[in-house]
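Here is a short tour of one chain and its ligand. Keep the structure in view while you read.

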Amino acid sequence: MSQFGHEATFDTSANVVNNHRCADAERLRPLMRDWSDAVTTTEAVTLYGAAWSVYVRIVRLALEEKHVKYDLVEVDVFSKTGVPEDHFTRHPFSRVPAFEHGSFPLYDTNAIVRYIDDAFLGCKLQLTEPKARAKVNQIVGIMDAYA
Ligand SMILES: N[C@@H](CCC(=O)N[C@@H](CS)C(=O)NCC(=O)O)C(=O)O
């Protein structure tokens, strides 16, 4: 059991699927929105980035918690030959991660994980009570900017 309350898999192979339970879902349910309108999808979900990247790992954690099947396509932004040319079409600032859901492209970790939470069925990763949600976002911001 990991600190996240489930057996986290950080397998770098493509098509990672897991069937793990959402941590603390029952305890947090009163604070969380029932999103019965979330999307079920047959469209491919692709994450572009390096397995070592903390930002890529954040997105993978969200995908794992939501039980979303995805492909991880390795992109080396620190390659000696430079950022792969096609990556600029995914991310204008040539960073990782970049993300695609079918024909919908997205970059920036915060935007990606919030989209994953909003678009896919499964446990809700964000609280809905405004003050609690703001505090969580504050912690996320602190971790990103100062940690
Ligand atoms: N604000 C971006 C930051 C992403 C980021 O800085 N990723 C690093 C890898 S962990 C990167 O691509 N660095 C390449 C570079 O600095 O040129 C996000 O949240 O997605």
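## Terms and overview

The expected span of a helix is 1.5 Å times one less than its number of residues. Helix α4, residues 130-145, can be held against that rule. It has 16 residues and reaches 22 Å from its first C-alpha to its last, close to the 22 Å expected.

The model is predicted. The chain holds four helices and four strands. Read along the sequence, they follow the pattern α-β-α-β-β-β-α-α. Of the 147 residues in the chain, 19% are buried. Among contacts with a separation of 6 or more, 65% join residues 24 or more positions apart.

## The sheet

The four strands form an open sheet. Their order is β2-β1-β3-β4, and the pairing is mixed. The edge strands are β2 (71-74) and β4 (104-107), each of which pairs on one side only. From one strand to the next, the twist averages 20°.

Start with β1, residues 45-49, which runs parallel to β2. Four bridges join the two. Gly49 stands opposite Glu74 in β2. β1 also pairs with β3, this time in the antiparallel sense, again over four bridges. There, Thr46 has Glu100 of β3 as its bridge partner.

Glu100 also has a bridge partner in β4, namely Pro105. Strand β3 covers residues 98-101. Its pairing with β4 is antiparallel, over four bridges. His101 is matched with Phe104 in β4. The hairpin of β3 and β4 has two residues between the strands. Gly102 in this hairpin takes a positive phi near 60°.

## Two helices compared

Is α4 mostly packed away or in the open? Its count of buried residues settles this. Of the 16 residues of α4, the number buried is zero, so the helix lies largely in the open.

Helix α2 has buried residues: Val56, Val59, Arg60, Leu63, Glu64 and Glu65. These pack against β1, β3 and α3. α2 has twelve residues. It reaches 16 Å from its first C-alpha to its last, close to the 16 Å expected at 1.5 Å a residue.

## Around the ligand

Which residues surround the ligand? They are Ser53, Val54, Tyr55, Val77, Arg95, Val96, Pro97, Asp108, Thr109 and Asn110. Two elements give two or more residues to this shell: α2 (54-65) and α3 (109-119). The shell divides into five nonpolar, three polar and two charged residues.

Two shell residues, Val96 and Pro97, share a cis peptide bond, with omega near 10°. Pro97 lies in the loop between β2 and β3. Asp108, also in the shell, belongs to the loop between β4 and α3. Its phi is positive, about 90°, although Asp108 is not a glycine. Asp108 has 16 C-beta neighbours inside 10 Å, so it counts as partly exposed.

## Backbone and loops

Some backbone values above deserve a second look. Most residues other than glycine have a negative phi, and most peptide bonds are trans. His67 departs from the usual sign: its phi is positive, about 60°, although it is not a glycine. His67 comes just after α2, in the loop between α2 and β2. Is His67 buried or partly exposed? With 16 C-beta neighbours inside 10 Å, His67 counts as partly exposed.

The loop between β2 and β3 also contains Pro84. Pro84 counts as partly exposed because it has 14 C-beta neighbours inside 10 Å. Leaving aside neighbours within four places in sequence, Pro84 is in contact with Val75 and Ser79. Pro84 and Ser94 are ten residues apart along the chain. Their C-alpha atoms are separated by 8.8 Å.

Key:
Residues numbered from 1 in each chain as written. Predicted model: local features only at pLDDT ≥ 70, side-chain atom pairs only at ≥ 80, totals over all residues. Pairing = 2+ DSSP bridges. Axes fitted to C-alpha atoms, helices over the stretch in contact; angles between N-to-C directions. Near = placed C-beta within 6 Å. Nonpolar A, V, L, I, M, F, W, Y, C, P; charged D, E, K, R; others polar. Buried ≥ 20, exposed ≤ 12 C-beta atoms within 10 Å, placed from the backbone. Contact = placed C-beta atoms within 7 Å.
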